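Good morning, and thank you for coming. Please look at the structure on the screen while I take you through some of its parts.

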Amino acid sequence: MNRIACSFVVVAVALAPAVRAWADDAPTKEQLEAAKKAYGEGKQLHDAGKLGEAVEKFKESYRLSKNALLLYNIALTLDENKQTDSALFYYRKFLSDSPADAAQRPPAEERVKVLENEKLAAEMSDKGGDKGDAAATPDKTEAPAKPTKGVPFDVTTFQHTVVEDAPPGKPIDVAATIPESSSVSVILYYRTAGSAEFTAKPMKWHGKDLVARIPASATTGSAIQYYIEVKDSSGAKLTSSGKPTDPNLINLDASAQEHTYADFVDDVPVKEPAKHHDDDNPLKGGDENPSVSASTTTDTGPTGDGMFDVGSTKFKYTKWSATGGAVVLLGLGVMFDVMAGQQASALVSDSMRTTCTPHCTFDDYDQQLQSAGQRDELLSRITIGVGIASAAVAGYFWYRQLSGHPTATEPKVVVTPSIGQNFHGAAAAVRF
């Protein structure tokens, strides 16, 4: 706690724009203010013991301010939360991006050494313990990456730089590096945030790197979770970056840089459940947590750009236009119906004047009331009718959205018209 408290003081000062030297993509004043707010919220969450939520606030502050000192806060909080793989990544990123005279560099360097040694020891232990358990049937869907028989794999040669940010609606190519002579399989597992299912893809060679693509159809919502596993020929895990219970997180941000190889040829994902290993399951011997159990889903391929292609810009525009039009038209219909009722009431009141004889006729005022009432009643029927049609169109597009993407983060809207003998109306409900 003392180390984090010290770091908080330094970062709080560093967020002030007066002491910052920014590049051309310097954050705006509004972004700096938002970064300070996110940082303050993160500190409060940390002090309350809500470490996972605190990490997200520190990451938000870093994305807004690009202050490298915040990377130390992120790493230290992840370290406290026992997310050592992610903590190690952020310690390394802090050492790479922070100023040479940063006060947190010595403790960060020391912690990196400790975590690297712990990770190596754990991986060597896994290598010795998993082979007997996993001497099961080899997964024939996993093609070895340029195998050369008889060459042992050194887990320290596996390298992967975590993808932190990417634009939504675009494919994401995840890369890793191993010696080309290694007789192992490298598998990428990914899922949308909030989903209980991972999709598995073997990583294949692209130049000197191994690459697997997360398709554009999966990059919806606010984030993507993924992890990478390296396995031997028997299917035993040798090492990994992330795990099912602690996956790497890609924040989807429209301003982020694309991570795509233009000449990389994608393939179909493997229909393989993401397996839990002993070190991945926090409930050893008990029921697995359904929120992280990982069966796979079938990749639907890239999103089209037509009006009826779920996820496309045209689809969203049509869906929201129809929804908004239905709400506006139904509202106008109710308004015109109320106005027509008012005109009718005024006409009845005028007809009951005491000065009127049984043989009196409508005067100009009565004619105007009747004409206005008939006009408003006609407009009410037209707008409600068109509003109901618009609601039906909107309902179709919402059905396509929800049935095609059950984890969509957009609100679910239901509009129901209500028509009776003496009234017209509509009810709407929104579920987030």
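Let me begin with a question: does Phe 58 count as buried or exposed? Phe 58 counts as buried, because its relative accessibility is 0%, and the cut-off for buried is under 20%. Please keep in mind throughout that this is a predicted model.

Phe 58 has a partner. Tyr 39 and Phe 58 form an aromatic pair, with 5.9 Å from centre to centre and 40° between the planes, and this pair is classed as tilted. The two rings come from distant parts of the chain: Tyr 39 belongs to helix α2, residues 29-47, while Phe 58 belongs to helix α3, residues 51-65, and 19 residues separate them. Tyr 39 also counts as buried, since its relative accessibility is 6%.

Let me now step back to the whole protein. It has eight helices and eleven strands. There are 432 residues, and buried residues make up 40% of them. If we take contacts between residues at least 6 apart in sequence, 69% join residues at least 24 apart.

I return to the aromatic rings. How many aromatic pairs does the count give? The count comes to seven aromatic pairs. In addition, Tyr 72, Tyr 91 and Phe 94 form one aromatic cluster.

Two lysines also deserve a mention in connection with rings. Lys 204 lies over the face of Phe 264, at 5.4 Å from the ring centre. Lys 319 lies over the face of Trp 398, and here the distance from the ring centre is 4.3 Å.

My next topic is empty space. Rolling a probe the size of a water molecule over the atoms shows where such space is left. A search of the whole structure finds one cavity of 30 Å³ or more. The largest cavity holds about 50 Å³ of space. Which residues line the largest cavity? They are Lys 59, Tyr 62, Arg 63, Tyr 90, Glu 164, Asp 165 and Asn 251. Helix α3, which we met through Phe 58, gives the largest share of this lining, three residues. By type, the lining of the largest cavity divides into two nonpolar residues, one polar and four charged.

I turn from the cavity to a pocket. The second largest pocket contains about 640 Å³ of space. Its lining comprises 25 residues, and those nearest the centre of the pocket are Leu 88, Arg 92, Lys 119, Phe 158 and His 160. Three elements, α5 (84-97), α6 (105-133) and β8 (237-241), each supply at least two residues of the lining. Which element gives the largest share of the lining of the second largest pocket? That element is α5, with eight residues. The lining of this pocket divides into six nonpolar, twelve polar and seven charged residues.

Strand β8 brings us to Ser 241, which is found in that strand. Ser 241 is buried, because its relative accessible area is 11%. Leaving aside neighbours within four places in sequence, Ser 241 is in contact with Phe 158, His 160, Val 162, Tyr 227, Ile 228 and Asn 248. Phe 158 and His 160 also appeared among the residues nearest the centre of the second largest pocket. As for Val 162, its C-alpha atom is separated from that of Ser 241 by 8.3 Å, while the two residues are 79 apart along the chain.

Finally, I should like to visit three loops. In the loop between α5 and α6 lies Pro 99. Pro 99 counts as partly exposed, because its relative accessibility is 43%. Not counting residues up to four places away in sequence, Pro 99 touches Leu 69 and Arg 105. Its C-alpha atom is separated by 8.1 Å from that of Ala 68, and these two residues are 31 apart along the chain.

The loop between α3 and α4 (70-80) holds Lys 66. Lys 66 is not a glycine, yet it has a positive phi of about 60°. At 44% relative accessibility, this lysine counts as partly exposed.

The loop between α4 and α5 holds Lys 82, another residue that is not a glycine but has a positive phi, here about 65°. Is Lys 82 buried or exposed? Lys 82 is exposed, because its relative accessible area is 69%, and the cut-off for exposed is over 50%.

Thank you for your attention.

Note on methods:
Residues are numbered from 1 along each chain as its sequence is written. This is a predicted model: local features need pLDDT of at least 70, side-chain atom pairs count only at pLDDT 80 or more; totals for chains, interfaces and linings use all residues. Side-chain values use heavy atoms; hydrogens and water are left out. On a 1 Å grid over the protein atoms alone, a cavity is a set of points where a 1.4 Å probe fits but cannot get out, and a pocket is an open set with protein on both sides within 12 Å along at least five of seven lines; lining residues have an atom within 4 Å of a point. Grid points are joined across faces, edges and corners, and a volume is the space filled by probe spheres set on the points. Helices (H or I, at least four residues) and strands (E, at least two) are DSSP runs, numbered from the N terminus. Ala, Val, Leu, Ile, Met, Phe, Trp, Tyr, Cys and Pro count as nonpolar, Asp, Glu, Lys and Arg as charged, and the others, Gly among them, as polar. Rings of Phe, Tyr and Trp (its six-membered ring) pair if their centres lie within 6.5 Å; planes under 30 degrees apart count as stacked, over 60 as edge-to-face and the rest as tilted. Buried means under 20% relative accessible area, exposed over 50%, partly exposed in between (1.4 Å probe, protein chains only). A charge sits over a ring if NZ of Lys or CZ of Arg is within 6 Å of the ring centre and within 35 degrees of the ring normal. Contact means heavy atoms within 4.5 Å.
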